[in-house]
Amino acid sequence: MPERKFLEALSGRTVFPPPIWMMRQAGRYLPEYRDIRKKAGSFLDLCYNPDFAVEVTLQPIRRFGFDAAILFSDILVEPHALGRDLRFEEGAGPLMTPLGKDDIDALETADFHERLAPVYETVRRLRSELPRETALIGFCGAPWTVATYMIAGRGTPDQAPARLFGHSSPEAFARLLDRLAACSADYLIRQIDAGADAVQIFDSWAGVLDEASFRAWCERPVAEIVRRVRERHPTVPIIGFPKGAGTLYAGYRQATGVTALGLDWTVPLATARRLQAEGPVQGNLDPMRLVAGGRALEEGVDAILTTLGSGPLIFNLGHGVTPETPVEHVEAMVRRVREAVQ
């Protein structure tokens, strides 16, 4: 079987040019995605229909030949599978009924995997349909980030509702995070069982927390997820992406046990180089450089390759690709990375 460059880099080996994929690589910047989105109806219908989910996952692989595909889904299918209501509204994003202390013990776990069965079917089909050299990434939302949406009922600028909940009701909040960590670990294990080669844990709101809260609400639950996954799949790589962690990135890998660190675009490359000395890193091009294209894109790509290309690196953005990104700029980025010379 052809060696999967993505997995080589995650094993700690230097691969140059490095493997490349993009967070949100299946999405609204692609015209073929927008066509499928119209056919699907609601966003959740798109996530839960394996025919549609497989197709949109494969679209960027066909177009750009990325070294890894990531399952098309959403981090909030987990609370939805736990019995919470969920809908997506244009311009408003995800909307849920806010969760209170009395709702935590009522979360429905009995049918969790049955409700997520279409996701597992999507993973199985993807592994059989992807090129053999293309790795498949499964994922989940980190407990802290998922909890922020559950508590507020929507995204908020600084996730103050969840922070207040955690400080005001620490025991209840710990119970919620523990419940989400257990379910998230089971969710990732099922994705690996179905064919995922690696998994990523998205903690998109890690950057709004103080140090003590980061340790308790980000690192501790993720460490529990990693522990549980490793019990079943000890060799499967796990990428942690605590967006906005800043200086707290330094201890995150050791505290959680993740294989690789996903870095957001605010992490200085000198810092990224120090983090890379401890293991693989992923990132961290500013998505706006990709939107701008031209010299801004070229300089951003070259700086990452120059600084991090001599160690284990997965080239990626520092967050998801945005809808206004020109397709030709993605093509230019992939070409620049793959034609690079050390």
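**Buried faces, sheet order and unusual backbone**

Reader: What phi does G257 take just after α12?
Author: This is a predicted model, in which local features need pLDDT of at least 70 and side-chain atom pairs count only at pLDDT 80 or more, while totals for chains, interfaces and linings use all residues. Residues are numbered from 1 along each chain as its sequence is written, and side-chain values use heavy atoms, with hydrogens and water left out. Helices (H or I, at least four residues) and strands (E, at least two) are DSSP runs numbered from the N terminus. G257, just after α12, takes a positive phi of about 85°.

Reader: Within what arc do the buried residues of α12 fall?
Author: In α12, residues 249-256, the buried positions (under 20% relative accessible area with a 1.4 Å probe and protein chains only, against over 50% for exposed and in between for partly exposed) are Y249, Y252, R253 and T256. They line one face of the helix, because the arc, taken from the directions from the helix axis to the C-beta atoms, is within 95°.

Reader: Which elements do the buried residues of α12 pack against?
Author: Packing here rests on contact, meaning heavy atoms within 4.5 Å. By that criterion, the buried residues of α12 meet both helices and strands, namely α11 (211-232), β6 (238-242), β7 (260-262), α13 (269-276) and β8 (281-285).

Reader: Which exposed residues does α9 carry on the face turned away from its buried side?
Author: Helix α9, residues 160-168, has A162, F165 and G166 as its buried residues, and they sit on the same side of the helix because they cover an arc of only 95° around its axis. Their cover includes α8 (143-152), α10 (170-194) and α11. The face turned away from that side carries the exposed residues L164 and S168.

Reader: Which helix gives the most residues to the largest nonpolar core?
Author: A nonpolar core is a set of buried Ala, Val, Leu, Ile, Met, Phe, Trp, Tyr and Cys residues joined through side-chain atoms within 4.5 Å, and the largest one has 122 residues, with F6, L176 and M333 having the most contacts inside it. With 13 residues, the element that gives the most to this core is α10. L176, leaving aside residues up to four places away in sequence, touches L99, I104, L107, A147, M150 and I151. The helix asked for is therefore α10.

Reader: What is the handedness of the crossover from β7 through α13 to β8?
Author: Strands pair if DSSP finds at least two bridges between them, and β7 and β8 do so in the parallel sense over two bridges, with L261 having V281 of β8 as its bridge partner. A crossover is right-handed if, with the strands pointing away from the viewer, the path from the first strand over the helix to the second runs clockwise. By this convention the β-α-β crossover is right-handed.

Reader: Which strands stand at the edges of the seven-stranded sheet?
Author: The sheet is open, its pairing is parallel, and its order is β1-β4-β5-β6-β7-β8-β9. Within it, β8 pairs with β9 (residues 313-317) over five bridges, and β8 is largely enclosed by the rest of the structure, because five of its five residues are buried. One side of each edge strand is left without a neighbour in the sheet, since each has a single partner, and these strands are β1 (68-70) and β9.

Reader: What angle does the direction of α15 make with that of β8?
Author: Axes are lines fitted to C-alpha atoms, for helices over the stretch in contact, and angles run from 0 to 180 degrees between N-to-C directions. Neighbouring strands of the sheet are turned by 25° against each other on average, direction ignored. Helix α15 (residues 294-308) packs on this sheet, touching β8 and β9, and its direction makes with that of β8 an angle of about 155°.

Reader: Where is the cis peptide bond that has omega near -15°?
Author: Most residues other than glycine have a negative phi, and most peptide bonds are trans. One cis bond joins F16 and P17, with omega about -5°, and P17 is found in the loop between α1 (5-10) and α2 (31-40). N284 belongs to strand β8, and the cis bond with omega near -15° runs from G283 to N284.

Reader: Is Q159 buried or exposed?
Author: R24, in the loop between α1 and α2, has a positive phi of about 60° although it is not a glycine, and at 51% relative accessibility R24 counts as exposed. Q159, in the loop between α8 and α9, likewise is not a glycine and has a positive phi of about 50°. With a relative accessible area of 0%, Q159 is buried.
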